[in-house]
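The exercises below concern a single protein chain and are to be worked with its sequence and coordinates at hand. Please attempt each task before reading its solution.

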Amino acid sequence: MDYNIRVYKIEKEDSNLRGFVTITFENSFCAKNIALKESTKGNLYLEMPKYRDFETEDYVPYFSFKYGEFRKAVTELAAEAYRQMTGEEKMMDVEQSWGDEEMYYDLSVSPIRGNDTFKAEAAIKIQDAFAVQQIHVIQGWNGKTFVGMPQISQKGERVDIAHPVTGDFKHELESAVMEE
């Protein structure tokens, strides 16, 4: 599977935040808003965006690495890209491969009972290495159902933080979720 890391460098005083990372898998699906932070020892690490679980009231990551070696590879790639950026550069792309196979994914879909809007919750696991939570089957006001991607509030607007990149993959993913 080929994947791309895009690192956005930010300069924020009095913060350990150094930038944000987007991972795009096979030019088909991307996960955004992954924070690149610096530890007190000077090491760079990735922190996933989180949502508040309504039942437990805990903050839970939207994304997770399911394979430690993949997490390490992505973190090292993002850190190296960040270090290579000079003065005016605010963004850098780096392409890499993971394994010999083309991208594959597994879905888990669970119905939600007793809710007029949210009909099911889904998760996608890409290459057994990276998982995305909080995908929903939603019934719109017009009665039609659709697949909604994980979102966060940003500057007063709701924005997708994970989504298909191409129309073909969007159709494939939506069809697979609805079939489940």
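Four exercises follow, each with a worked solution.

The model is predicted, so local features need pLDDT of at least 70 and side-chain atom pairs count only at pLDDT 80 or more, while totals for chains, interfaces and linings use all residues. Residues are numbered from 1 along each chain as its sequence is written, and side-chain values use heavy atoms, with hydrogens and water left out.

**Exercise 1. Overall dimensions**

Task: Determine whether the radius of gyration of the chain agrees or disagrees with that of a compact globule.

Solution.
Step 1. The radius of gyration is taken over C-alpha atoms, and the globule rule is 2.2 Å times the number of residues to the power 0.38.
Step 2. For 180 residues the rule gives a value near 16 Å; the chain has 17 Å, which agrees.
Step 3. Along the principal axes, the C-alpha trace spans about 50 × 40 × 30 Å.
Step 4. The chain contains 2 helices and 15 strands; these are DSSP runs numbered from the N terminus, with helices (H or I) of at least four residues and strands (E) of at least two.
Step 5. Of the 180 residues, 40% are buried, where buried means under 20% relative accessible area, exposed over 50%, and partly exposed in between (1.4 Å probe, protein chains only).

**Exercise 2. Helix H2**

Task: Establish where the buried residues of H2 lie around its axis, and state which elements they pack against.

Solution.
Step 1. Helix H2 comprises the 13 residues 167–179, and its end C-alpha atoms are 18 Å apart, in agreement with the 18 Å expected at 1.5 Å a residue; the expected span is 1.5 Å times one less than the number of residues.
Step 2. Phe-169, Leu-173 and Val-177 are the buried residues of H2. They cover an arc of only 65° around the axis and are therefore on the same side of H2; the arc is that of the directions from the helix axis to the C-beta atoms.
Step 3. An α-helix has 3.6 residues a turn, so residues three or four places apart point the same way.
Step 4. The face turned away from the buried side carries the exposed residues Gly-167, Asp-168, His-171 and Glu-179.
Step 5. The buried residues pack against E3, E9, E10, E11, strand E12 (145–148) and strand E15 (162–164), contact meaning heavy atoms within 4.5 Å.

**Exercise 3. Two hairpins**

Task: Describe how E10 pairs with E9 and with E11.

Solution.
Step 1. Two strands pair if DSSP finds at least two bridges between them.
Step 2. Strand E9 (residues 105–111) runs antiparallel to E10, joined by 7 bridges; Pro-111 has Ala-120 as its bridge partner in E10.
Step 3. This hairpin has 6 residues between its strands, and Gly-114 in the turn has a positive phi of about 80°.
Step 4. E10 and E11 are likewise antiparallel, over 7 bridges, with Ala-122 bridged to Ile-135 in E11.
Step 5. Here 3 residues separate the strands, and Gln-127 in the turn has a positive phi of about 55°.

**Exercise 4. Two residues with positive phi**

Task: State whether Asn-27 is buried or exposed, and whether Gln-127 is buried or exposed.

Solution.
Step 1. Asn-27, in the loop between strand E2 (17–25) and strand E3 (29–38), is a residue other than glycine with a positive phi, near 50°.
Step 2. Its relative accessible area is 59%, so Asn-27 is exposed.
Step 3. Gln-127 lies in the loop between strand E10 (118–126) and strand E11 (130–139).
Step 4. The relative accessible area of Gln-127 is 7%, so Gln-127 is buried.
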